Amino acid sequence: MNDIEKIITDEKYNLELKEQVSFEEPKKYLKAVSSFANGYDIGYVIFGVEDGTKRIVGVKDIKKSYEEVANRIKTRIDPSIIPTIDIVNIQGKDLIVVKVIPGQHTPYYYAVSYTHLTLPTNSR
């Protein structure tokens, strides 16, 4: 059993399991990432594992999914964090493992979107 398999099966870790990367609903995993960044212990979000059964199913379209997760974390967590994001092969299936270390610039939050505002200037 490797380290990631131990993390998946051991109840003592801060852990969020996701079967697949949700392109339409990133809020669920991004809230977990921001929560772990605000916490006291390392947290993991692992994609490619069924939550209830902890059965390893693998991530579909691993490259696109990896890029999606990395980009969403970069653009939607404020202030910015730099988690470790790895592709790990277990039982012949690819998983995405996001390791989040608690940050020093709390609070971190999930930003739904960014809006750029241009304020009017007084021209005299």
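**Exercise 1. Find which residue forms a salt bridge with R72, and state in which element the two lie.**

Step 1. R72 and E68 both belong to helix α3 (residues 62-76), where four residues, about one turn of the helix, separate them. Helices here are DSSP runs of H or I with at least four residues, strands are runs of E with at least two, and both are numbered from the N terminus.

Step 2. The closest N and O atoms of R72 and E68 are 2.8 Å apart, and the two form a salt bridge. The term requires a side-chain nitrogen of Lys or Arg within 4 Å of a carboxyl oxygen of Asp or Glu.

Step 3. Both R72 and E68 are buried. Buried means under 20% relative accessible area, exposed means over 50%, and partly exposed lies in between (1.4 Å probe, protein chains only).

The model is predicted: local features need pLDDT of at least 70, side-chain atom pairs count only at pLDDT 80 or more, and totals for chains, interfaces and linings use all residues. Residues are numbered from 1 along each chain as its sequence is written, and side-chain values use heavy atoms, with hydrogens and water left out.

**Exercise 2. State how many salt bridges the structure holds, and classify the partners E16, K18, R55 and E50 as buried or partly exposed.**

Step 1. The structure holds three salt bridges.

Step 2. E16 pairs with K18, with 3.1 Å between the closest N and O atoms. E16 is partly exposed at a relative accessible area of 25%, while K18 counts as buried at 16%.

Step 3. R55 and E50 meet through their side chains at 2.8 Å, N to O. R55 is partly exposed at 47% relative accessible area, and E50 is buried at 17%.

**Exercise 3. Describe the surroundings of E50.**

Step 1. E50 is placed in the loop between β2 and α3.

Step 2. The side chains of E50 and T53 are joined by a polar contact of 2.6 Å. Such a contact is a pair of N or O atoms within 3.5 Å; within protein, one must be able to donate a hydrogen and the other to accept it, and residues adjacent in sequence count only if both atoms are side-chain atoms.

Step 3. Not counting residues up to four places away in sequence, E50 touches L17, E19, R55 and V57. Contact means heavy atoms within 4.5 Å.

**Exercise 4. Give the geometry of the two aromatic pairs.**

Step 1. The structure holds two aromatic pairs. Rings of Phe, Tyr and Trp (its six-membered ring) pair if their centres lie within 6.5 Å; planes under 30 degrees apart are stacked, over 60 edge-to-face, and the rest tilted.

Step 2. The ring centres of Y13 and Y44 lie 6.1 Å apart with planes at 80 degrees, so this pair is edge-to-face. Y13 is in the loop between α1 (3-9) and β1 (14-18) and Y44 in strand β2 (residues 43-47), so the pair ties together parts 31 residues apart in sequence.

Step 3. For Y29 and F47, the centres are 5.1 Å apart and the planes at 85 degrees, so this pair is edge-to-face. Y29 lies in helix α2 (residues 27-38) and F47 in strand β2, so parts 18 residues apart in sequence are tied together. Y29 and F47 are both buried.
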